[in-house]
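This report walks through one protein model, beginning with a pair of strands and going on to a pocket, the nonpolar cores and a few single residues. Please keep the sequence and the structure in view while reading.

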Amino acid sequence: MTTASDDCTVKVWKLEEEDVLQRTYSDIDATTSFSCFNSAVKSCLFHPVIPHLLTTTGADNTIKFFDINSGVNDAVSTLSISGLSQSVNNIGNISYNYTGSMMAIACKDKTLHVKDVRMGNTDSNVNIPPSNNVLGRNLRVAWCSSNRTDIGPLLTVSSSGTGMRQIQLFDPRKLTSSTTTGGSVLAPLCTKSIDNGAGQLYPMFDEDTG
């Protein structure tokens, strides 16, 4: 189990199967702690293929990778996202495809990014779309991929300017379509309105059932 905190730390606990439901865990029970951040840590996510590789996002708009078995406090690598707005805490969340080779990044400036993580800090962003009215606030993404469809669709949730919450599906290989004026716009495969509410939606995908 891992936690990301506004106090610029990430902690890792080992949950014991026999007493996980009865035991209360505290800071001293953490098996690993990372404190090399310069700003609040907003999320953490294990790599889907490399079990000891932990991915974090920070309020400084960095994506860092840590080896939880190394005993070293520093990140093994850090990713920069070209084209990302420099507003503080702009990354909403990240989601891997099934093999962990690609990463989808939902941002609070209403943009969606797809990055080949194997390319490191080279310019490996794919199809960065311009901000427009297709995606809304409170944007989050889940990559719907499995052992049958590694490059599956991207599922996003967001809220429009009127407060209408919606889900959308995108093809990560072609996020945009051309317009008659020569520009490009986000091109969802489908859009479904849910309701008019203020709560944050969190997309989840079950890899076993698809």
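## A pair of strands

Leu45 stands opposite Thr55 in S5, where strands are DSSP runs (E, at least two residues) numbered from the N terminus. The two strands concerned, S4 (residues 41-46) and S5 (residues 53-58), pair in the antiparallel sense over five bridges, pairing being accepted if DSSP finds at least two bridges between two strands. With six residues between them, S4 and S5 form a hairpin.

The model is a predicted one, in which local features need pLDDT of at least 70 and side-chain atom pairs count only at pLDDT 80 or more, while totals for chains, interfaces and linings use all residues. Residues are numbered from 1 along each chain as its sequence is written, and side-chain values use heavy atoms, with hydrogens and water left out.

## The largest pocket

The largest pocket has a volume of about 490 Å³. Of the 21 residues that line this pocket, the closest to its centre are Leu45, Ile94, Ser95, Ala142 and Pro203. The elements that give two or more residues to the lining are S4, S8 and strand S12 (137-143). A pocket here is an open set of points on a 1 Å grid over the protein atoms alone where a 1.4 Å probe fits, with protein on both sides within 12 Å along at least five of seven lines, and lining residues have an atom within 4 Å of a point; the volume is the space filled by probe spheres set on the points.

## Two nonpolar cores

The largest nonpolar core has 13 residues, and those with the most contacts inside it are Leu112, Leu154, Phe170 and Leu175. Strand S9 (102-107), strand S10 (112-116) and S12 are the elements that give two or more residues to this core. Apart from it lies another core, of twelve residues, including Ile63, Leu79, Ile91 and Ile94. Such a core is a set of buried Ala, Val, Leu, Ile, Met, Phe, Trp, Tyr and Cys residues joined through side-chain atoms within 4.5 Å, and buried means under 20% relative accessible area, with exposed over 50% and partly exposed in between (1.4 Å probe, protein chains only).

## Three single residues

Asn90, in the loop between strand S7 (77-79) and strand S8 (91-96), is buried, with a relative accessible area of 1%. The side chain of Asn90 reaches the backbone nitrogen of Asp109 at 3.1 Å.

Lys110, placed in the loop between S9 and S10, has a positive phi of about 70° although it is not a glycine. Asn138, found in strand S12, has a positive phi of about 55° and is not a glycine either.

How values were computed:
Helix = DSSP H or I, 4+ residues; strand = E, 2+ residues; numbered from the N terminus. Polar contact = N/O pair within 3.5 Å; in protein donor to acceptor, adjacent residues only side chain to side chain.
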